Amino acid sequence: MDLYRKVRLACAEGMSQREAARQFNISRDSVRKMLAFSVPPGYRRKAAVKRPKLDAFTGIVDAWLEGDREVHRKQRHTAKRVFERLRDEHGFTGGYTIVKDYVREHERRGREMFVPLAHPPGHAQADFGEAVVIIGGVEQKAHFFVMDLPHSDACFVRAYQAATSEAWVDGHVHAFAFLGKVPASILYDNDRCLVSKILPDGTRLRATLFSGFLSHYLFRDRYGRPGKGNDKGNVEGLVGYSRRNFMVPIPRFATWQEFNAYLEDRCRRRQTDVLRGQSETIGVRLARDLVAMADLPAAPFDACDQTPIKLGGRVSSQALVRYKTNDYSVPVAFGHRDVWIRGYVDAVVIGSGGEIIARHPRCYDREDMVFDPVHYLPLIEKKINALDQAAPLAEWNLPPEFATLRRLMEARMIKAGRREYVQVLRLLETFGIDDLHAAVKKALQLGAVGFDAVKHLVLCHVEKRPPKLDLDIYPYLPSANVGTTSAASYMCLMAGDAA
């Protein structure tokens, strides 16, 4: 740049171009260019690039690359594959580099262009993302729900074990509770949990659960084009932002509830940020979003997959009901009956008529069995020989005092003692494990090894009154001295009969 200034200044003061070239040791063409441009113009190609060996094949290459638009992106032509086909199928004698440059230029010309969008207040976008987390010491994949308000850039994130229909709806319910309002509309992709089918005219047939959810909150649902994530680019970007900023390093929490509490806190703290190109915080702009939103209904939507009796399950002979490939136990009294099932994100509830008969933690494995040992105790009491081989009881970790109680009962009454031990366990149908555990420990201390004694002790523990098994706490009662009776004492009866 300094050379440009010196040459132009010298020529302006009367120096000829020939003399300037000699003086500054440059060509006269360079001097002529410096006089024509005040700053270096850079390289300017005047004619199109000539590819004498490739030009005859460009039509073939263009047809291949255009055809790739109709196939999966992972099975499209690479520059290397184009070069190999030209060489093997069409006798191309040129090099790989010229083919690679042409393919790169073709892809650059074919890239999609986008229009900047403006987002009025009150509208939202929603999507799911994935990340690796450690919950309860187990590394697993988390599916996190994300809701974004494009006008204010406010967000809500909540993690689940799977991106099911229940998780979609539950994420919305918690997001609405977090915001305290319902957006006027929400933009989605065409996830099968939301849309069961897209008709030829573009109409979406909504999934049953999602349709009921929309009817409850009364907002407008909108959908992007299939395979076009840029239609909801704000929430797509927020998925990546949440993964990079909320989940790095890999989150470690004891429970999903703790992890979600952490994510909610991060979303709330983010509202104090001022983003690039904005002069106000996210929280200030969020206030305008909330003004344009609707109020929450009186009660939240019950986010569960409801299976009615006619479509539900029938209890098997092993007191199991199948839901989403997994079997869940019910009380044996409901064997061979039709039941209804409700699947929540964290629980499976089973009922008969208007009664809930079983509640289990949701299992996201496949072909697994989820037992509640208490469900099988009435049957085991009748079939007592199955006590040691009953699968529902195999992984039942009871306090060690229960094993001591069983050993003492069996030593005293053998088979009848095992049945009485099961009767003690059946008290869990009415009382909690902590109350029964306290009663068993008290029974062992008093030496009152029996069902009636344990039942009495657990009632006393619950009602917070002293047990009546220990006479030391009743000093006012008269003591009874019972003498030993001998056989000779009955001789008088024999004498009375003779008289």
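**Close-up 1. Phenylalanine 213 and its neighbours in the predicted model.** This view, like the others here, comes from a predicted model. Setting aside residues up to four places away in sequence, phenylalanine 213 touches Val169, His172, Val173, Phe176, Phe219 and Phe301. Phe213 is also a hub of the largest nonpolar core: along with Phe145, Tyr188 and Phe219, Phe213 touches the most other members of this 55-residue set. Helix H7, residues 165–179, is the top contributor to that core and puts in eight residues. Elsewhere there's a second, separate core of 43 residues, with Ala319, Val348, Met409 and Val424 among them.

**Close-up 2. A cluster of aromatic rings.** The structure has 24 aromatic pairs. Ring pairs string Phe128, Phe145, Tyr160, Trp168, Phe176, Tyr188, Phe210, Phe213, Tyr217, Phe219, Tyr223 and Phe301 together into a cluster. The next two views pick out pairs from this cluster, including Phe128, Tyr160, Tyr188 and Phe210.

**Close-up 3. Phenylalanine 128 with tyrosine 160, a tilted pair****.** The ring centres of phenylalanine 128 and tyrosine 160 sit 6.4 Å apart, and the planes meet at 50 degrees, so this one goes down as tilted. Phenylalanine 128 belongs to strand S1 (residues 123–135) and tyrosine 160 to strand S3 (residues 154–160), so the pair links distant parts of the chain, 32 residues apart. Both phenylalanine 128 and tyrosine 160 are buried.

**Close-up 4. Tyrosine 188 with phenylalanine 210, an edge-to-face pair****.** Here the centres of the tyrosine 188 and phenylalanine 210 rings are 5.4 Å apart with planes at 90 degrees, which makes the pair edge-to-face. Tyrosine 188 comes from strand S4 (residues 185–188) and phenylalanine 210 from helix H8, so the two rings tie together parts that are 22 residues apart in sequence. Tyrosine 188 and phenylalanine 210 are both buried.

**Close-up 5. Two arginines over tryptophan faces.** Arginine 85 lies over the face of tryptophan 64, 4.1 Å from the ring centre. Arginine 342 does likewise with tryptophan 340, at 4.7 Å from the ring centre.

**Close-up 6. The hairpin of S11 and S12****.** Strands S11 and S12 run antiparallel and are joined by four bridges. One of the residues to look for is tyrosine 323, whose bridge partner in S12 is asparagine 326. Two residues sit between the strands of this hairpin, and lysine 324 takes a positive phi near 55 degrees there. The loop holding lysine 324 runs between S11 (320–323) and S12 (326–329). With 44% relative accessibility, lysine 324 counts as partly exposed.

**Close-up 7. Leucine 218, a positive phi outside glycine****.** Most residues other than glycine have a negative phi. Leucine 218 is worth a look, then: its phi is near 55 degrees, a positive value. You'll find leucine 218 in the loop between helix H8 (208–217) and strand S7 (220–223). Its relative accessibility is 71%, so leucine 218 counts as exposed.

**Close-up 8. A cis peptide bond ahead of proline 249****.** Most peptide bonds are trans. The bond from valine 248 to proline 249, though, is cis, with omega near 0 degrees. Proline 249 lies in the loop that connects helix H9 (233–246) and strand S8 (252–253).

Conventions
Residues numbered from 1 in each chain as written. Predicted model: local features only at pLDDT ≥ 70, side-chain atom pairs only at ≥ 80, totals over all residues. Heavy atoms only, no water. Buried < 20%, exposed > 50% of the residue type's maximum accessible area, 1.4 Å probe, protein only. Core = buried A, V, L, I, M, F, W, Y, C linked by side-chain atoms within 4.5 Å. Contact = heavy atoms within 4.5 Å. Pairing = 2+ DSSP bridges. Phe/Tyr/Trp six-rings, centres within 6.5 Å; stacked < 30°, edge-to-face > 60°. Lys NZ or Arg CZ within 6 Å of the ring centre and 35° of its normal.
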